[in-house]
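User: I am new to this structure and would like to learn how to read it one feature at a time. Could you take me through it slowly, with the general idea before each case?

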Amino acid sequence: MTTSDKPVVKTDLLEKGAILQRDKETYAIVPHIPGGIILDPQVLRKIADVAEKYNAKALKLTSAQRIAIVGIKPEDIDQAWADLGEDKGAAIGLCVRSIKICPATHFCKRAQQDAVTVGLELDKKYHAMKLPSKFKIAISGCMNSCSEVAVKDMGFMGTPKGFTVLIGGNAGIRPRIGTVLIEHIKPEEVMPIAGKIVEYYKANARNYERMGMMIDRLGFDKVKQEILGI
């Protein structure tokens with residue numbers, strides 16, 4: 001049996017970027033598409049070619065602005081990734097998932113802040129970073145918040161005066177709306193603030209404890225004071 005012929009074991013799934021499907025026999029692979037923005041149509045062609053070559057059951061546009069290739073056999077996972085030649089999307093595991101970015105000033109007439117440029121910086125630095133639990137980040141160019149910043153562990157909402165920073169949001173079975181940490185920060189202040197939030201979470205959260213759960217345990221006033229140093 002060659003290495004490529006070996007069955008996929010559960011402990012290998014995260015490294016392989018493979019997600020077991022409902023049939024318990026096939027997997028989905030999810031190429032990383034930062035911000036859901038594809039500038040080169042050739043990427044779409046490669047995704048389509050891989051789906052066709054390995055008899056995928058479907059292509060699924062995900063809520064995290066990615067394209068999942070669904071129904072890949074375990075013995076085809078490694079070669080499918082090799083054919084794609086793209087980075088793996090962090091779709092499972094205790095890590096930072098793909099940063100969700102709205103069209104912002106690059107594409108949207110309603111936008112007030114450049115969430116795309118800042119969001120891609122966030123994605124480049126934090127995507128797939130290992131943390132105590134899954135960690136979701138979003139950034140929007142205006143207060144319509146099409147990227148749903150209020151239900152992310154860390155969200156940046158564009159306003160006429162800059163960005164409002166929210167922390168502790170999540171969806172799921174026990175949804176929690178993020179709490180405003182600070183308002184009206186400049187675009188160049190987003191990365192430093194994000195760094196403080198992520199480092200604080202990394203140092204203080206328990207295993208499998210989302211940001212909101214940590215805030216509820218420690219108290220928001222304490223968290224805010226220690227993150228911002230006030």
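**Reading the pocket, the cores and the salt bridges**

Analyst: Let us begin with the lining of the largest pocket, whose residues divide into eleven nonpolar, six polar and twelve charged. Please keep in mind throughout that this is a predicted model.

User: What volume does the largest pocket have, and which residues that line it are the closest to its centre?

Analyst: A pocket is read first by its volume and then by its lining. Here the volume is about 620 Å³, and of the 29 residues that line this pocket, Lys134, Lys136, Ala171, Gly172 and Arg210 are the closest to its centre. Two elements, β4 (67–72) and α7, give two or more residues to the lining, and the largest share, three residues, comes from α7.

User: Arg210 was named there. Which residue does Arg210 touch in the contacts of Ser133, and where does Ser133 lie?

Analyst: A contact list is most useful when close sequence neighbours are set aside. When residues up to four places away in sequence are not counted, Ser133 touches Leu94, Cys95, Tyr201, Tyr208, Glu209 and Arg210, so the answer to your first point is Ser133 itself, on the rule that contact means heavy atoms within 4.5 Å. Ser133 lies in the loop between α5 (115–126) and β6 (137–140), and Ser133 counts as buried because its relative accessibility is 5%, where buried means under 20%.

User: How should I read a nonpolar core, and which residues of the largest one touch the most other members?

Analyst: The general idea is that in soluble globular proteins, nonpolar side chains tend to be buried together. In this model the largest nonpolar core has 38 residues, of which Leu122, Phe135, Ile137, Phe156, Ile167 and Ile197 touch the most other members. At least two residues of this core are supplied by each of α5, β6, β7, β8 (162–167), β9 (179–185), α6 (190–204), α7 (211–218) and α8, and the largest share, eight residues, comes from α6. Apart from this core lies another one, of 16 residues, which has Ile29, Val50, Ala80 and Trp81 among them.

User: What is Leu122 in contact with, once its neighbours within four places in sequence are left aside?

Analyst: Leu122 is then in contact with Ile99, His127, Ile137, Ile139, Phe156, Val190, Met191 and Ala194. Among these partners, Ile137 and Phe156 are named with Leu122 as core residues that touch the most other members.

User: How many salt bridges are there, and what should I look at in each one?

Analyst: The count comes to eleven salt bridges, and for any pair it helps to ask about distance, place in the chain and exposure. The side chains of Asp78 and Lys16 meet in one of them, at 2.7 Å from N to O. This pair links distant parts of the chain, with Asp78 in helix α3 (residues 77–84) and Lys16 in helix α1 (residues 13–16), 62 residues apart. Asp78 counts as partly exposed at 33% relative accessibility, whereas Lys16 counts as buried at 18%.

User: Which residues are linked with Lys100 in a network of salt bridges?

Analyst: Lys100 is linked with Glu148 and Lys152 in such a network. Between Lys100 and Glu148, the closest N and O atoms are 3.1 Å apart. Lys100 lies in strand β5 (residues 100–101) and Glu148 in the loop between β6 and β7 (154–159), so this pair ties together parts that are 48 residues apart in sequence. Lys100 is buried, with a relative accessible area of 13%, while Glu148 counts as partly exposed at 40%.

User: Why are Glu226 and Lys222 separated by about one helical turn?

Analyst: Glu226 and Lys222 are separated by about one helical turn because they are four residues apart in helix α8 (residues 220–228). They form a salt bridge in which the closest N and O atoms are 2.9 Å apart. Glu226 is partly exposed at 41% relative accessible area, and Lys222 is partly exposed at 37%.

User: Last, are Asn55 and Ala104, each with a positive phi, buried or exposed?

Analyst: A positive phi is best read together with the residue's surroundings. Asn55, although not a glycine, has a positive phi of about 55°; Asn55 lies in the loop between α2 (41–53) and β3 (58–61) and is exposed, with a relative accessible area of 60%. Ala104, also not a glycine, has a positive phi of about 55°, but Ala104 is found in helix α4 (residues 104–107) and counts as buried at 0% relative accessibility.

Terms used: Residues are numbered from 1 along each chain as its sequence is written. This is a predicted model: local features need pLDDT of at least 70, side-chain atom pairs count only at pLDDT 80 or more; totals for chains, interfaces and linings use all residues. Side-chain values use heavy atoms; hydrogens and water are left out. Buried means under 20% relative accessible area, exposed over 50%, partly exposed in between (1.4 Å probe, protein chains only). A salt bridge is a side-chain nitrogen of Lys or Arg within 4 Å of a carboxyl oxygen of Asp or Glu. A nonpolar core is a set of buried Ala, Val, Leu, Ile, Met, Phe, Trp, Tyr and Cys residues joined through side-chain atoms within 4.5 Å. On a 1 Å grid over the protein atoms alone, a cavity is a set of points where a 1.4 Å probe fits but cannot get out, and a pocket is an open set with protein on both sides within 12 Å along at least five of seven lines; lining residues have an atom within 4 Å of a point. Grid points are joined across faces, edges and corners, and a volume is the space filled by probe spheres set on the points. Ala, Val, Leu, Ile, Met, Phe, Trp, Tyr, Cys and Pro count as nonpolar, Asp, Glu, Lys and Arg as charged, and the others, Gly among them, as polar.
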